[in-house]
Amino acid sequence: MGSKYTKRYTEEFKRDAIALVDSSGKTVTAVARELGISSESLRGWYRRAKADRAEGSPGELTSAEREELRRLRRENREQQQTIEILKKATAFFVKESGR
């Protein structure tokens, strides 16, 4: 379970930490320990940065692709809700016109 007090890091801090891993030759864990941050956080940032530079694992989404997927899923959910409302309205009006 995570802490209810999640630390937020600036994009600049994340970029600098990733650059430190790239330039120092040290492991992600060693750099994270030096910076006093979670190695899992740094590992995630590093993995996303590699994907954004097209250096990630095959099939791994870039940040832009992840954001587009999130947007499309939200739009799809909204459209499904609209369709359900329209179906109910159609059924109501069909029933009312039959009286």
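1. Helices here are DSSP runs of H or I with at least four residues, numbered from the N terminus. Going by that, this predicted model reads α-α-α-α from the N terminus on. That makes four helices and zero strands in the chain.

2. Now the overall shape. The radius of gyration is 23 Å, while the globule rule gives 13 Å for 99 residues, so the chain is more spread out than a compact globule. Measured out along its principal axes, the C-alpha trace spans about 80 × 35 × 20 Å.

3. What about burial and surface? Of the 99 residues, 13% count as buried. The accessible surface comes to about 8200 Å², and carbon and sulfur atoms account for 53% of it.

4. On contacts, take the pairs of residues at least 6 apart in sequence: 33% of those contacts join residues at least 24 apart.

5. The largest nonpolar core has eleven residues: Ala-17, Ile-18, Val-21, Val-28, Val-31, Ala-32, Ile-37, Leu-42, Trp-45, Tyr-46 and Ala-49. Helix 1 (11–24), helix 2 (28–35) and helix 3 (39–52) each put in at least two residues of this core. Helix 3 gives the most, with four.

6. Which residues does Leu-42 touch, leaving aside those up to four places away in sequence? The list is Ala-17, Ile-18, Val-21, Val-28, Val-31, Ala-32 and Ile-37. Leu-42 is itself one of the core residues, so have a look at it when you open the model.

7. Then there's helix 4, which covers residues 63–97 and holds Glu-67. Is Glu-67 buried, exposed or partly exposed? With a relative accessible area of 38%, Glu-67 is partly exposed, because that value falls between the 20% cut-off for buried and the 50% cut-off for exposed. Glu-67 and Ser-39 sit 28 residues apart along the chain, and their C-alpha atoms are separated by 24 Å.

8. Last, the charges. The chain carries 22 positive and 16 negative charges, and the mean positions of the two sets are 6 Å apart.

Terms used:
Residues are numbered from 1 along each chain as its sequence is written. This is a predicted model: local features need pLDDT of at least 70, side-chain atom pairs count only at pLDDT 80 or more; totals for chains, interfaces and linings use all residues. Side-chain values use heavy atoms; hydrogens and water are left out. The radius of gyration is taken over C-alpha atoms; the globule rule is 2.2 Å times the number of residues to the power 0.38. Buried means under 20% relative accessible area, exposed over 50%, partly exposed in between (1.4 Å probe, protein chains only). Contact means heavy atoms within 4.5 Å. Accessible areas come from the Shrake-Rupley method with a 1.4 Å probe; for residues, only the protein chains shown count as cover. Lys and Arg count as positive and Asp and Glu as negative; His and the chain ends are not counted. The place of a charge is taken as NZ of Lys, CZ of Arg, CG of Asp or CD of Glu. A nonpolar core is a set of buried Ala, Val, Leu, Ile, Met, Phe, Trp, Tyr and Cys residues joined through side-chain atoms within 4.5 Å.
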